[in-house]
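Trainee: Got a minute to walk me through this one? I'd like to start with the strands and then look at the rings.

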Amino acid sequence: MSAIVPQKVQARQTTSYLLWLGWLFGIGGLHRLYNGKIASGLLWFCTFGLFGFGQLIDLFLIPDMAEQRYRQIFGDRPSTLEMQPVVAAEVSTKDTLMVQLLRLAKLHEGQITVTQAVMETGQSFETIEAELTAMVKSGYADISNRPDSGVVIYEFPELM
């Protein structure tokens with residue numbers, strides 16, 4: 001399971017663990033039924049948690065069961081409102097990054113700086129500089145400096 005867990009998946013895990021405790025009262029497999037594993041849930045129910053072994057193994061499988069069931073019900077993308085803070089940015093493909101940079105340049109009258117691009121895309125300075133340099137080498141952009149501050153500006157003549 002991923003390090004970033006939606007709150008609803010955590011709630012489903014907690015409920016699953018509580019239902020797992022039903023085994024202590026002779027009702028095994030409730031957690032499996034709750035997570036949509038009907039056949040194995042009924043097997044666990046009829047065999048006292050697969051003679052206790054299956055029930056104990058499920059202690060380690062419940063997080064994945066809960067996440068899989070959440071994804072079946074709500075789809076593959078959890079809401080960003082219920083996500084915990086992102087630790088690392090997703091890696092963008094080169095084409096996507098190039099398009100992001102072009103859109104950013106269009107918003108800024110055909111000119112962008114590396115810092116603007118880093119702030120807007122979330123990519124590293126090295127990644128942005130490499131992409132912009134490749135665009136300059138290909139003839140899509142030009143490089144200039146702001147006379148007052150000396151900041152390097154990448155200009156896209158087609159967007160000016």
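Mentor: Sure. Two strands pair if DSSP finds at least two bridges between them. Keep in mind that this is a predicted model.

Trainee: Okay, so how many bridges are there between β2 and β3, and in which sense do they pair?

Mentor: Strand β2 (residues 142-145) and strand β3 (residues 152-155) have 4 bridges and run in the antiparallel sense.

Trainee: Which residue in β3 is the bridge partner of S144?

Mentor: That's I153.

Trainee: And what's in the hairpin between those strands?

Mentor: There are 6 residues between β2 and β3, and in this hairpin G150 takes a positive phi near 80 degrees.

Trainee: Cool. Switching to rings: how many aromatic pairs does the count come to?

Mentor: The count is 2 aromatic pairs. Take W20 and W23: their ring centres are 5.7 Å apart and their planes are at 50 degrees, so this pair is tilted.

Trainee: Why do you need two numbers for a pair?

Mentor: Because a pair of aromatic rings is described by the distance of the centres and the angle of the planes.

Trainee: Are W20 and W23 buried or exposed?

Mentor: Both are buried. W23 also pairs with F48, with centres 5.6 Å apart and planes at 40 degrees, so that pair is tilted as well.

Trainee: Where do W23 and F48 lie?

Mentor: W23 is in the loop between α1 (7-20) and α2 (30-34), while F48 is in helix α4 (residues 48-51), so the pair ties together parts that are 25 residues apart in sequence. Through ring pairs, W20, W23 and F48 link into a cluster.

Trainee: Why does W23 count as buried and F48 as partly exposed?

Mentor: Buried means under 20% relative accessible area, exposed means over 50%, and partly exposed is in between. W23 has 13% relative accessibility, so it counts as buried. F48 has 42%, so it counts as partly exposed.

Trainee: Got it. Which ring has the charged end of R32 sitting over it?

Mentor: The ring of W44, with the charged end 4.2 Å from its centre. There's also R12, which lies over the face of Y34 at 4.4 Å from the ring centre.

Trainee: Last topic: where is Q55, and what does Q55 touch?

Mentor: Q55 is in helix α5 (residues 53-74). Leaving out residues up to four places away in sequence, Q55 touches W20, W23, G28, G29, H31, W44 and G49.

Trainee: Is Q55 buried or exposed?

Mentor: Buried, because its relative accessible area is 0%.

Conventions: Residues are numbered from 1 along each chain as its sequence is written. This is a predicted model: local features need pLDDT of at least 70, side-chain atom pairs count only at pLDDT 80 or more; totals for chains, interfaces and linings use all residues. Side-chain values use heavy atoms; hydrogens and water are left out. Helices (H or I, at least four residues) and strands (E, at least two) are DSSP runs, numbered from the N terminus. Buried means under 20% relative accessible area, exposed over 50%, partly exposed in between (1.4 Å probe, protein chains only). Contact means heavy atoms within 4.5 Å. Rings of Phe, Tyr and Trp (its six-membered ring) pair if their centres lie within 6.5 Å; planes under 30 degrees apart count as stacked, over 60 as edge-to-face and the rest as tilted. A charge sits over a ring if NZ of Lys or CZ of Arg is within 6 Å of the ring centre and within 35 degrees of the ring normal.
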